[in-house]
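Here is a friendly look at how two chains meet, and at how far the model can be trusted. Please keep the structure open as you read.

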Number of protein chains: 2
Amino acid sequence: MTSLEEDLEDAVATPWGAGEVHPGVRRARAWLSRAAEPSTVDVWRYVDDLGPVEAVRRLRAGSAPDRIRSLVGARAEQDATLADLQRAQRCDGRLVVPEDDEWPGLALHALTLGVAGEPVVPRDQTDRTRALVPPLALWVRGGGRLDELVDRSVAIVGSRASTAYGEHVAAELGHQLGERGWTVVSGGAFGIDGAAHRGALAADAPTVAVLSCGVDRPYPAAHGALFHRIAESGLLVSEWPPGCAPLRHRFLVRNRLIAALTRGTVVVEAAARSGAQATANRARELGRAVMVVPGPVTSAMSVGCHELLREKEGGARLVTSAAHVIEEVGGIGDLAEPEARPVTPRDGLSDVAVRVLDACPVRTGVPPERLAAVAGCDVLDVLRVLPALEVAGLVEWTGTGWRLTPQRRGSGAAS
Amino acid sequence: MTSLEEDLEDAVATPWGAGEVHPGVRRARAWLSRAAEPSTVDVWRYVDDLGPVEAVRRLRAGSAPDRIRSLVGARAEQDATLADLQRAQRCDGRLVVPEDDEWPGLALHALTLGVAGEPVVPRDQTDRTRALVPPLALWVRGGGRLDELVDRSVAIVGSRASTAYGEHVAAELGHQLGERGWTVVSGGAFGIDGAAHRGALAADAPTVAVLSCGVDRPYPAAHGALFHRIAESGLLVSEWPPGCAPLRHRFLVRNRLIAALTRGTVVVEAAARSGAQATANRARELGRAVMVVPGPVTSAMSVGCHELLREKEGGARLVTSAAHVIEEVGGIGDLAEPEARPVTPRDGLSDVAVRVLDACPVRTGVPPERLAAVAGCDVLDVLRVLPALEVAGLVEWTGTGWRLTPQRRGSGAAS
């Protein structure tokens, strides 16, 4: 068993061939994933400047700048990389690094642009829970390949304290998107997240759960069976190494990743102050489509959704079906069919014909002169339109006058 | 009892004093309201050009142009004006004409602008059910004064086949708008209309029902008691003379009047093909605010609402409360309060403080060094933020280490 330092030295001394990643590089990023909280602007920049191997060597040797050392803090002296990599392996997991072909670089490019906009002075930088910083590495578990899964993916997010309505809609969206070849990405939580994952699985489609804890001990525990099913064809993904707990601030940090990995985020149910709204905001900042499913205005779980839809600057789009979602995130050819409207025989009628039709009584037929008086038009006009109305089966001649044909009865007055 | 022609002659011979309307003028407009279907572009223009008295004289004498005569048709020879005015009087009704002070000229000005845009050639003109043409006269019934009632008014419209949800929301909106001094205008129909009227009445506020039948025989008959209550403090309004039936095409013609009389239209529930959507379209064409209450995406009665909200050009605004409605239609000072959000002690915390807080265990206290390792920061940082967390009542010293204060338990993990 080589030490971390030996692996790092080897990575410097004998660079690996193209298309493969030196174990030292992977181990360096494994170390970083535990030493630094994800989405820390200056740590990411330090690694980006020096490369992971050199960055870790300096942090371990104590020769990194004070600012970077303080961000890593007491964790600098620890090394759990071998244990972490082994724990991952034991649960069919692995560490995907930016140097891998599988790294979803295209999707995460928006985060690279985001971090480029962060100021140099630390106190001017965006709060870590809202900053747009790419991940240093991603622990994954399951049978899917990360870059392929997220290529055509949509995030479905929402409240944990969801209603039956929200869960029904999330499951339906997840199912329909899965059926149409889209990967549903969510956070694996109770409520909307779980319903969306289950909907996708019910369509035999792979789905991705982005977690804020280790992929070997997914949270919540009651979703153990769900996570197991997700890992069969899809992936569990996390920035935190195996064993890590889902601390509260990590949920917000995680949300930027859900937004970045997908082409758009659908909020199904969200309370007035919710993580789902935060994810929608990150998606908007990243230039992703923000979609919102409305609900009853009497439901507290839809207040956040309606707030998003009321924002004038926001550009959140109301969606009610998977077709609407695909219209937003898909390319040409994915446009939703317009809502089917019932076509009635009235549709093609002229103004005069409609007036004559409305003037026709239900039971006793009346002469054209009477129709003209009621309809407010000329008798000649009435005689002109009656044949067409008869051919359309709307009116009939009783022998003494004109009346509505029986099946039209009851449709005389409607708004 | 003078004949129509004698009254018209008298109106020409002896013009009335300022502020009063000659009976001949009112009788001429009463005649027009029965002779011509409302919203007929060329009849309105003919009356606008010649004045009501001269227009009626020529129509009665057969000297009007063929085009205008054909629009009046067989009705030109009839005269029910005295009977109509008497029938109105018997039910506490009257005819309000543009020459009256009570005429809501300001609100209806948008229709005058609308008709000005209509082409001269009849076949190029907008269909009568969609054309924006001012009314020639308005039959009203009730204790209210028309211009005052509609000055600060909002239309609430929606499906007749409404759900309990829609009726609840319409009644609530009607009530709250009524309480705040706004007149609720609707169509008096079953479903959303009725709920909105009742909500306003429950707040002891006057409300206006714009009908597509005579004000003496309001439709539907089952709303007789409701119409009676509306007439006590508000008004029933119709372009059609007493006794007229609510023919189907009249509903669409009537809808433009609901849109025009009000500062904005709120659609509460609407099916995919509905009169409520038509009213919203008229409101938009008239430059009025278009507001839509969303609902469950699983409800057919909300499909039309969501379609309106999805239109990119439409500018329909999602509203969930009377405050939102007043924000759209009211002046300065009527802005809605932002949604109240719960403020928690976490809100003001720095990134490091949040991480330290999340690192604190629930039961057994741990030393600052351990907190630093879990939170991923320096021990000095931990020692710097702990006092503030303790003062805020978030953490406590057990004698051997730091832990969450008991009332914070259970809030450690949340999205």
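The report below covers confidence, symmetry and the contact between the chains.

This is a predicted model, in which local features need pLDDT of at least 70, side-chain atom pairs count only at pLDDT 80 or more, and totals for chains, interfaces and linings use all residues. Residues are numbered from 1 along each chain as its sequence is written, while chains are lettered from A and ligands numbered from 1 in the order in which they are written.

Confidence comes as pLDDT, the predictor's score for each residue from 0 to 100. Chain A has a mean pLDDT of 90, with 94% of its residues at 70 or more. Over residues 408–415 of chain A, pLDDT stays under 50. Where pLDDT is low, the predicted coordinates should not be read in detail. For the complex, the predictor gives an ipTM of 0.78 and a pTM of 0.80.

Chain A superposes on chain B (least squares on C-alpha atoms of residues with pLDDT of at least 70 in both) with an RMSD of 0.1 Å, after a rotation of 180° and a shift of 0.1 Å along the axis. That is the relation of a two-fold axis. In chain A, the C-alpha nearest the axis belongs to A:Gly295, 2.3 Å from it.

The contact (C-beta atoms, placed from the backbone, within 7 Å) takes 54 residues from each of chain A and chain B. By class, the side of chain A that touches chain B is made up as follows:

| Class | Residues of chain A |
|---|---|
| Nonpolar (Ala, Val, Leu, Ile, Met, Phe, Trp, Tyr, Cys, Pro) | 25 residues |
| Polar (the others, Gly among them) | 13 residues |
| Charged (Asp, Glu, Lys, Arg) | 16 residues |

Technical notes: Contact = placed C-beta atoms within 7 Å.
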